[in-house]
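Student: I'd like to get better at reading a two-chain model from its numbers. Could you walk me through one?

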Amino acid sequence: MKPDENIEKFVKDAKPHVTTGRPMDKRTLDDSYAAMQETLRAKSAARKPGLPGMILGSRAVQLAAAAAVVIAAVSLFLGRGGHTPTGPTAEPRWAAESPAKMVSMMSLRAAYRQGGLDALDEQFRDTLNVLGPPPLGISSRELLENVN
Amino acid sequence: MKRLRSGTFARMGLASLMVALLASPVSAYPPDPDNAALLYYQGFLALAQLDEGARDRIANVAKGEAVPDDKVRADLSNCSGAIDFAEAAAQVPTCHWGVRYSQGFDALMPQLAQARFLTYVLIADAHIRAADGDYKGALERCLMTDTFAHHIGDDTFISYLVSLSVRKLTYGCMQDVIGQAAGDAELLQWLKNELVTIPGNDLSPVRPLKIEIEIVTDLMQMKNIGKLAMILANSDDENIIAEIVKKADAKTLEQARRLYSERMKGSLIAFSTPAVYEQAYSQLSKLTSDLDPNDPSAAAVRAFVPSLSRILTLKTRAEAHANAIKAAIEVLLSRAKTGRLPDALPSGLPKDALSGNDFEYQKTAEGFVLRCRGKDLDKDEIPQHEFKVKK
């Protein structure tokens, strides 16, 4: 059986016995966060560090990916039995699209929802590691070199 | 001739006036920005390009987790341009960051990450000034950072949370510095007067709540189902997005909209009505606790309603912290007069915002503690503020 079929079977068989609510949400989050951390750690060890690595390895993205699990539950209910994300390959849209999405209102909200002010702070830290601040070492000569 | 002479004099007078006006250095310059955000943005551009280690060193000093060493001093010396811009910005009352509300949740707010780091720079600088014995300089930095928190504002929930977070760091530093400056009554009196004049806690979650209601109710419509599905799916998986789009219908979204508006308007009332923290907390908790995750519309609402009771707690704790600083200044002023810490808290001091009562005052070996009488209901803990008094 393929992994996604496994998941579907699990959801189908086990769902009637699962009590949803805050404790269940927390348990799901903790488990998925731990699993994703391990996967991301393995991934980052396997590749050279670079911009994509920094984005994927950032705690912000891990948190957002964990958020995907909970929000996917919403999609499941909206879709009444739709798919679940197939593991860590389902990276958050804003990170996959562009690093700038790390600072979208949605992404920042997701970070806060998952880990409060500490997670928000961590996301800002990751943002600075990826995006800036901009270099100051531009001389006026360099600024004007293409003029004339 | 007389007429001619008076006409000539008039022309000469007018010419002199024009020359004087044109020669005036003040009128020769265009005015500086009247929007503080423009100055902060320039400050962000002027922040030194520090590596991650340097940024962490600065953050650790700002958080009071490390004492300033030579490395941090060198790192901060590269940030003087940014600090200059922040100083200028603090003098400008108006601050508009230019958030693109039309983009809804896709609006980018890169300035907040930079603002967070600038806060660390300012507070680390305050700690360095205090370590060098320049307590007034350190407190001036703290007051400037408090203005910065005010400028960060309440455009969105995230801005509001960041401003609370900046305030927390500022008050923590002030708490540390006033203990060190406990013997300087004149300085304490100056700070007391300054705290009366600064903008105070007039930021509130009401404005961002109203903006979120607009964004979310607009989003929960069939015309925006693609965008809504993307947010709910929170992934690139086209299948999930397509599935949500396929299964969603106008009726479910209409129910979700109605439920969301009802809950969020309830929260607006709770945040706008003066109430004891515990009572408001209970009201806000009820607004989200009964949302059934198995009901499609309620599940969608759960995805968008922020953690209202936690926001209330953070707001109330910030107020309690500000009041603790003001109360501590009075305690230290009393000490400056009598030569010893009072045995009981002087009357008429700002209250603990969590309970609405006076702080519990306790003298310790190192100084004193102002303890809240109400609990942080999220963390189930009683916050306390310790003031270590320099002998």
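Tutor: Sure, we'll go from whole chains down to single residues, and keep in mind that this is a predicted model.

Student: Let's start with chain B. How many helices and strands does the secondary structure of chain B come to?

Tutor: A count of elements is a good first look at a fold. In chain B you'll find 17 helices and three strands. Next comes overall spread. The radius of gyration of chain B is 27 Å, while the globule rule gives 21 Å for 391 residues, so chain B is more spread out than a compact globule. Along the principal axes, its C-alpha atoms fill a box of roughly 90 × 75 × 45 Å.

Student: And what share of the residues in chain B is buried?

Tutor: Buried residues account for 52% of the 391 in chain B. For the outside, look at accessible surface: chain B exposes about 18300 Å², with 53% of that supplied by carbon and sulfur atoms.

Student: How do I read contacts along the sequence, and what share in chain B joins residues at least 24 apart?

Tutor: Set aside the local pairs, then ask how far apart the partners sit in sequence. Of the chain B contacts between residues at least 6 apart, 71% join residues at least 24 apart.

Student: How many positive and negative side chains does chain B have?

Tutor: Count each set, then compare where the two are centred. Chain B carries 46 positive and 50 negative side chains, and the centres of these sets lie 6 Å apart.

Student: Now chain A. Which elements does chain A have, from the N terminus on?

Tutor: The order reads α-α-α-α-α-α-α, that is, seven helices and zero strands. Of the 148 residues in chain A, 40% are buried. Its accessible surface comes to about 8400 Å², and 57% of this belongs to carbon and sulfur atoms. Among chain A contacts between residues at least 6 apart in sequence, 65% join residues at least 24 apart.

Student: Can we look at one residue there? Where is the place of A:V130?

Tutor: A:V130 sits in helix α6 of chain A, residues 105-131. At 15% relative accessibility, this valine counts as buried, because the cut-off is under 20%. It's also a nice case for setting sequence distance beside distance in space: A:V130 and A:A100 are 30 residues apart in sequence, and their C-alpha atoms are 9.0 Å apart.

Student: Back to the interior. Which residues touch the most other members of the largest nonpolar core?

Tutor: For a core, check its membership, then its best-connected residues. This one has 143 residues, and those touching the most other members are B:Y40, B:I158, B:I178, B:F304, B:F368 and B:L370. The largest share of the core, 15 residues, comes from helix α17 of chain B, residues 308-338. Take B:I178 as an example: beyond four places in sequence, its contacts include B:L139, B:L188, B:I325, B:I329 and B:F387.

Student: What about a charged residue: is B:E212 buried or exposed?

Tutor: Check accessibility before assuming anything from residue type. B:E212 has 2% relative accessibility and counts as buried. This glutamate lies in helix α11 of chain B, residues 206-219. Leaving aside neighbours within four places in sequence, B:E212 is in contact with A:R109 from the other chain, along with B:F105, B:F157, B:Y260, B:M264, B:F304 and B:P306.

Student: Which residues does B:A107 touch?

Tutor: Its contacts beyond four places in sequence are A:V103, A:S104, A:M105 and B:R100. B:A107 is in the loop between α6 and α7 of chain B, and is buried at 1% relative accessibility. Compare B:A299, which is 192 residues away along the chain, with 24 Å between the two C-alpha atoms.

Student: And B:E87, for comparison? With which residues is B:E87 in contact?

Tutor: Outside its neighbours within four places, B:E87 contacts B:R141 and B:M144. B:E87 lies in helix α6 of chain B, residues 80-90, and is partly exposed, with a relative accessible area of 30%. The C-alpha atoms of B:E87 and B:G43 are 9.6 Å apart, with their positions 44 residues apart in sequence.

Student: Last one, a backbone feature. What is the phi of B:D380?

Tutor: Look at the sign of phi together with the residue type. B:D380 has a positive phi of about 55° although it isn't a glycine. B:D380 is found in the loop between β2 and β3 of chain B, where this aspartate is exposed, with a relative accessible area of 53%.

Definitions and conventions:
Residues numbered from 1 in each chain as written. Chains lettered and ligands numbered in written order. Predicted model: local features only at pLDDT ≥ 70, side-chain atom pairs only at ≥ 80, totals over all residues. Heavy atoms only, no water. Helix = DSSP H or I, 4+ residues; strand = E, 2+ residues; numbered from the N terminus. Rg over C-alpha atoms; globule rule 2.2 N^0.38 Å. Buried < 20%, exposed > 50% of the residue type's maximum accessible area, 1.4 Å probe, protein only. Contact = heavy atoms within 4.5 Å. Areas by Shrake-Rupley, 256 points an atom, 1.4 Å probe, with all protein chains shown as cover. Lys, Arg positive; Asp, Glu negative; His and termini not counted. Charge placed at Lys NZ, Arg CZ, Asp CG, Glu CD. Core = buried A, V, L, I, M, F, W, Y, C linked by side-chain atoms within 4.5 Å.
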